[in-house]
Structures are given as structure tokens and as C-alpha cells.
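Trainee: Could you take me on a close look at a single part of this model, one loop residue to begin with, and then set that spot against the rest of the chain? I would like to know how open it is to the surroundings and how other places in the fold compare with it.

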Amino acid sequence: MKPISLILTKPKYELPEDASHFWGNPALPNDTPYPTYIDDQGVEYPFTFICQLNLADLAPYDVENLLPHEGLLLFFAKIDNYLGHFERSAEIGGTISSPEDVRVIYIHDTDNLREVVLIDEDEEEIAPEALAVSFSLEIPYQTDETLLFAPPTHREWENWDNPCEDWMILLQVDSFDGDDFDLNFMDCGVLDFLISPTALRSRDFSNVRAIVLSS
């Protein structure tokens with residue numbers, strides 16, 4: 001399996017709604033609500049939006065045709081605490097999460113999208129500023145490990161636990177910081193989104209799991 005590196009840069013111009021980007025605001029169809037969850041105290045929170053990938057732009061790098069070659073793929077997860085929101089519990093840790101802890105949304109039809117902007121009590125945007133995403137088959141040496149189809153190099157055991165044996169890493173997100181965020185997974189670790197190869201072939205993203213690994 002050939003990993004694909006996600007190269008994150010500050011955009012030089014305003015990104016189109018369907019552009020690949022990290023942070024910022026997701027583009028969702030009119031009939032798709034922003035995903036939320038209820039915590040142990042009964043409080044509703046939005047999932048943290050991590051990134052959206054334009055699959056047509058990604059297609060030339062997807063040499064094994066593992067993903068659709070049109071539409072968008074969006075990643076959300078309960079990682080508020082890893083961004084410094086310590087009042088919220090760490091839902092994803094060093095054991096494989098339940099599917100309720102992440103949301104991966106595949107949008108085939110991108111004709112009727114709207115940008116969903118979350119704001120706080122002061123009517124300020126919650127999300128960090130968007131970073132443009134480009135793709136490469138060259139993996140940066142000893143730098144960022146944000147990759148699609150990453151090898152399980154951070155896993156200290158032979159296989160994933162049941163029921164996820166032989167699952168693949170769909171997306172790996174490395175710890176990093178920027179002007180308006182500090183993303184730190186347990187001492188500069190990584191967040192891995194895991195998916196069954198069978199589910200990936202059938203374009204079923206309803207049972208994606210996650211785990212945080214750190215050496």
C-alpha cells in the first residue's frame with residue numbers, strides 16, 4: 001500500500017468550498033447537519049472538524065484506486081482535549097475507539113454544498129484558520145507524518161485488537177502546531193483513523209475507528 005503525504009500550507013487565496021483543507025470549516029450538503037455528540041454529562045458538543053479531501057485532486061496519487069475519484073471525504077473526531085479543551089473528556093486514547101467517537105463523511109455530489117461555520121458565545125469562529133492541503137507520494141523525511149494509508153509504524157504490537165485485526169490506517173494525523181492552535185496527541189503522537197479493507201472497497205465509512213499512538 002502506497003502512503004500519500006498531506007502537505008499543509010497557509011493558503012495564498014481564499015479556498016473554494018470544495019477544496020482540500022485542514023481545519024477551517026467543512027462543506028456539507030444542505031440536508032447534512034454538522035455532526036455532534038452528547039458527552040457523559042448530557043451536554044451536546046460539535047465534533048472537531050479535522051479536514052476535507054477533494055477526491056478528484058487526490059486521484060492521481062491514489063495509485064491503488066483505494067478511494068473514490070470524485071466527491072469529498074471529510075474527517076471529524078472527538079479530539080477537543082488534544083487541542084487544549086481540557087474540560088472535555090479524552091474520548092480517543094491508546095485503545096481503539098468505538099465508531100461513535102469519529103465521523104467520516106463521503107459526499108459524492110458536490111453541486112449543493114454550503115460552508116458550515118461554528119461560532120462561540122462571542123460570535124467568533126471556533127475552528128483554527130484553514131490550511132491548504134496538497135498531496136505527494138514523497139514522504140517528508142523526519143518531519144510531518146500526516147498521511148493517507150500510513151504504515152502502522154507507531155504500533156508497538158503485531159496487529160490491532162479485536163475486532164479490528166488487519167484493518168488499515170485510512171488517515172494518520174500527526175501532532176503539530178500553528179499560529180492559532182496546538183494539536184498534541186499524548187506527547188507528540190499520532191491519531192490514526194482505522195477502516196476495514198472490506199468497508200473501504202464498498203465505500204462504507206460508517207464503522208471507522210480511531211486510536212492515539214505515541215512513542
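Mentor: Happy to! Let's start with Glu14, and keep in mind that this is a predicted model. Glu14 has a relative accessibility of 77%, which is over the 50% cut-off, so this residue counts as exposed. As for its place in the fold, Glu14 sits in the loop that runs between β1 (4–9) and β2 (21–22). To get a feel for distance, pair Glu14 with Val208: the two are 194 residues apart along the chain, and their C-alpha atoms are separated by 31 Å. You can hold that figure against the overall span of the C-alpha trace, about 50 × 40 × 35 Å along the principal axes of the protein chain.

Now for the chain around that loop. Its secondary structure comes to 2 helices and 16 strands. The radius of gyration is 16 Å, close to the 17 Å that the globule rule gives for 215 residues, so the chain is as compact as a globular protein of that length. Of these 215 residues, 49% are buried. Take the contacts between residues at least 6 apart in sequence: 70% of them join residues at least 24 apart. The accessible surface of the chain comes to about 11100 Å², with carbon and sulfur atoms accounting for 46% of it. As for charge, there are 11 positive and 42 negative charges, and their mean positions are 6 Å apart.

For a contrast with Glu14, turn to Phe75, which has its place in strand β7 (residues 72–77). Its relative accessible area is 0%, under the 20% cut-off, so Phe75 is buried. What is Phe75 in contact with, once its neighbours within four places in sequence are left aside? The partners are Thr48, Phe49, Ile50, Cys51, Leu53, Arg103, Val104, Leu170, Leu171 and Phe193. Phe47 makes a handy reference point here: Phe75 and Phe47 are 28 residues apart in sequence, and their C-alpha atoms are 9.5 Å apart in space.

One of those partners of Phe75, Cys51, leads us to the cysteines. A search of the whole structure finds 0 disulfides. Cys51 is therefore in none; the nearest cysteine sulfur, belonging to Cys188, is 20 Å away, whereas a disulfide would need the two sulfur atoms within 2.5 Å. Is Cys51 buried or exposed? Cys51 counts as buried, at 0% relative accessibility. Cys164 is buried as well, with a relative accessible area of 1%. Cys188, on the other hand, counts as exposed at 60% relative accessibility.

Cys188 also deserves a glance at its backbone. Its phi is near 65°, a positive value in a residue other than glycine, and Cys188 lies in the loop between β14 (181–183) and β15 (190–195). Glu123 likewise has a positive phi without being glycine, in this case near 60°. That residue is found in the loop between β9 (113–115) and β10 (131–136), and with a relative accessible area of 63% Glu123 is exposed. Another backbone detail to look at is the peptide bond from Asn162 to Pro163, which is cis, with omega near 10°. Pro163 belongs to the loop between β11 (147–148) and β12 (168–174).

Let me finish with a strand residue, Tyr45, in strand β5 (residues 44–46). At 17% relative accessibility, Tyr45 falls under the 20% cut-off, so Tyr45 counts as buried. Tyr45 and Pro35 are 10 residues apart along the chain, and the separation of their C-alpha atoms is 8.9 Å. Back where we began, then: Glu14 counts as exposed at 77%, while Phe75 is buried at 0%.

Note on methods. Residues numbered from 1 in each chain as written. Predicted model: local features only at pLDDT ≥ 70, side-chain atom pairs only at ≥ 80, totals over all residues. Heavy atoms only, no water. Helix = DSSP H or I, 4+ residues; strand = E, 2+ residues; numbered from the N terminus. Rg over C-alpha atoms; globule rule 2.2 N^0.38 Å. Buried < 20%, exposed > 50% of the residue type's maximum accessible area, 1.4 Å probe, protein only. Contact = heavy atoms within 4.5 Å. Areas by Shrake-Rupley, 256 points an atom, 1.4 Å probe, with all protein chains shown as cover. Lys, Arg positive; Asp, Glu negative; His and termini not counted. Charge placed at Lys NZ, Arg CZ, Asp CG, Glu CD.
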